[in-house]
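Please open the model in your viewer and follow the stops below in order, selecting each residue or element as it is named.

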Amino acid sequence: MCAGGFGSLIASRPMDPTALHRLQFAFTITYHYLFPQLTMGLGLLIVVFAYRATFRGDPLARGAMRFWSRVFGVNFVFGVVTGIPMEFQFGAGWARFSEATGGVIGQTLAMEGIFAFFLESSFLYLLLFGEKKLGPRAHFAAAVAVMVGSWISAWFIIVTNAFMQHPVGHRVNPDGSIQLESLSAYLTNPWAIPQFFHTILGSVLTASFVVSSVGAFYFLSGKHVEHAKGFIRTGVVAAAVASVLVAFPAGDAQAKNLAEHQPITFAAMEGHFHTEDGAGLSIIGQPDTERMVLDNPVVIPKALSFMTYQRWGARIRGLSEFDRADWPDNVPLLYFAYHVMVGLGTMFIALSWGSLLLLRKGRLFRFRPALWALMLALPFPYIANTAGWLTAELGRQPWLVYGVMRTRDGATSTVSSGNILFSLLGFMGLYALFSLLFFFLVQRIIGEGPSDA
Amino acid sequence: MTLASVWVALAGLLLAVYVALDGFDLGAGILHLFVARTPAERKTVLKSIGPVWDGNEVWLLAGGATIFLAFPRLYAIGVSGFYLPVMILLWLLAARALGIEMKHYLHHPLWDEAWDFAFSAGSLLVTLFLGVALGNVIRGVTFDEDGRFFSPLWTDFTVGAKVGILDPYTLLVGVTATILVTLHGALWLAHRTGGEVRDRAERAARRLVAPAVVALALVTVATAFVQPLVRDAMCRPTFAPLPAMTLAGLGGVYVFLRRQDPRRAFFASAGLLVSLVASAVAGIHPYVLPGRAPGQGLLAEQAATSPYGLSAALVWWIPGVLIAAGYTVFVYRGLPSRVEVTAEAEPEGAPHD
């Protein structure tokens, strides 16, 4: 999670090794996160289905659990095969960073392997193939174990990223190496707590919308209608809860952390160029970093000050107050990534609560436009989650470890551009093939549908 | 014993467990196309490793992350120095994983044929690459003046001062590793499967014993010439238990195969693999990555993180690995003692078929 997106390649000389390392990390991690993004949330929904089937005697829930386990299985495989390269990309592309910080972030990366991966790999097979042998109760326990494993994994990755965003528990030696000073301080980084919940809830949101979208698809096409209703109900309720919590308190707490510890990032992602008392919140507009204005702005007066400090007249520092060398190197992309995330997040609240209201009144299944909207919503939580990570990673620039190590000082110096391009093209080709396989298999699973037993 | 050497031993332990565990599913993969010929037989091979292969590979990830944690400099310099083979290895691991997992989701003869090939070829190349990697570590690399390196895939194919990834020595280690891992996989299949698969696997194991002995003898002699650190280590009496264990492992494989006891032969082979990893780690000690020029090289002490980091990690690492070992034991105890070849497509189909 170190790199800064495709814009960095365009902004820099195309064969600059650091830009290529960034592009390769950004590409492989963005692609990878399409899979765990679903499985962490879907793991929870599978536990819910398994609970209903096992302890509430709901036969439809058992069919739902089996169906979604198949989707989970395919996603998990691609999550694993695209995840293994990530552990090695730190050393391959970011050797100077890994050498300097390995004593700190190596702790959590090793914890992830030891506490999360063993748990997941031991129980995944039982979840996917062991239902008959285990019986319902033990199978339910396997579902819980896999979900817990994936959430533990997320915690350790978030702690690692939080250290890069807001380093704590460390000491910087005169030679530039970074040494662990307090493991407990490092593991309980205050930055990590809202970031973890924001990430997990974002994942639950993706899973909820995927479940309701597939349900809406079945319902609208008149197939598996009873299952379809169950998917829609579960998905809509979970999405309604998650879409609110992801914004408040989780996202809100994260924004406040940013305002306090990364004020430059905060100003850049809000498109806020000049220091103001009672700053407005820009909803739409295109940042012009040369003239230092937001073009075509639509602004809610004083809202930014209030949301950040709960005072209408609070002062928000603008980008112009800071040295350009400390600005994120791609302010427009950062601004758009953030606004895409927030804009989509707002629509998720509207869509899920609107659908929930119709559901409570018993009208959702007669109102086709709402079902169409739920069906077509499927890609958008993926876009919002990706945009959220782009915001976090572009916002951290030009730092690799905020305030401690610049991105250009962390990249590997011994690998030539041609060799990086070789591996980047290799990953792109391989992942293009994975995409074809993935869509082919998921399309088949959805085509077969849940068994109507 | 310093903290750094404790961590060399712990990281070495994870890698040894990795080789003993993932070794058999890699070996089963190499033999897959040869010992299993009908769809039902191929299903049998996959079923015997299906519940465990992923967990086996986690030992490699845990080992890699442990090196990252305890020896950041080794991790950084090593992974970036071996950039090209690391990337290619990652692609091969991905292709092989799909080879095992994709067959769950679709049943079609061509689909099966393609993924059986990916599984088998992927297993062979992954094993060869990992063996070559071990050879590179033992032989040492050409460091620059900053103490870093970048290994091309090959230079002039000699074991001189300027070396690449592939040369006669590293290839010899790679081929030896492939023979031993194939033997290990054959013993697993002989122990855990039935019918024709079992018989063919047992015949393969018998045929592999002699090549294994020859390859090990060649590697031992070649290593003594290529890496003086190991040659010196071999002369120390404290090192003697390791070659003794290697010989005992080899002897065990031979004797138990003759007594038609593939289970014990498998455990002997696991001991053999563990002894070889341990010999490599102990042989180059106190270095963790030797250099080609005398006096060059990365020492464990230089590569290690701070003493606080090392001791703080011990507190969670040891219980964590014990818990992980507990899961591993749990999963292996749940395996069927023998996967028989069944004519009908039984459980190993799609989930919940």
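Select A:N296 to begin, in what is a predicted model: this residue is exposed, with a relative accessible area of 55%, which is over the 50% that the term requires. A:N296 sits in strand β5 (residues 293–300) of chain A, and its phi is near 50°, a positive value in a residue other than glycine. Most residues other than glycine have a negative phi.

Go next to A:Q310, which lies in the loop between α12 (303–309) and β6 (315–316) of chain A. A:Q310 also has a positive phi, of about 60°, although it is not a glycine, and with a relative accessible area of 45% this residue is partly exposed.

Now select helix α10 (residues 225–261) of chain A, where A:H261 has its place. Which residues does A:H261 touch, not counting those up to four places away in sequence? They are A:H166, A:W191 and A:Y402. A:H261 is partly exposed, with a relative accessible area of 30%, and its C-alpha atom is separated by 9.0 Å from that of A:Q165, although the two residues are 96 apart along the chain. While helix α10 of chain A is still selected, look at A:P249, which also lies in it and is joined to A:F248 by a cis peptide bond with omega of about 10°.

A cis bond can be found in chain B as well: select B:H285 and B:P286, where the peptide bond from the one to the other is cis, with omega near 5°. B:P286 lies in the loop between α11 (262–284) and β1 (287–290) of chain B. Most peptide bonds are trans.

Stay in chain B and select helix α3 (residues 53–70), whose 18 residues should span 26 Å at 1.5 Å a residue; the end C-alpha atoms are 26 Å apart, which agrees. α3(B) is mostly covered, as 18 of its 18 residues are buried. Then move to helix α4 (residues 72–81) of chain B, where 10 of the 10 residues are buried, so the helix is largely enclosed by the rest of the structure. Among the buried residues of α4(B) are B:R73, B:Y75 and B:S80.

Finally, select the whole of chain B, which has 13 helices and 2 strands. Its radius of gyration is 20 Å, close to the 20 Å that the globule rule gives for 353 residues, so chain B is as compact as a globular protein of that length. Buried residues make up 60% of the 353 residues in chain B, and the chain exposes about 13,800 Å², of which carbon and sulfur atoms supply 70%.

Methods:
Residues are numbered from 1 along each chain as its sequence is written. Chains are lettered from A and ligands numbered from 1 in the order in which they are written. This is a predicted model: local features need pLDDT of at least 70, side-chain atom pairs count only at pLDDT 80 or more; totals for chains, interfaces and linings use all residues. Side-chain values use heavy atoms; hydrogens and water are left out. Helices (H or I, at least four residues) and strands (E, at least two) are DSSP runs, numbered from the N terminus. The expected span of a helix is 1.5 Å times one less than its number of residues. Buried means under 20% relative accessible area, exposed over 50%, partly exposed in between (1.4 Å probe, protein chains only). The radius of gyration is taken over C-alpha atoms; the globule rule is 2.2 Å times the number of residues to the power 0.38. Accessible areas come from the Shrake-Rupley method with a 1.4 Å probe; for residues, only the protein chains shown count as cover. Contact means heavy atoms within 4.5 Å.
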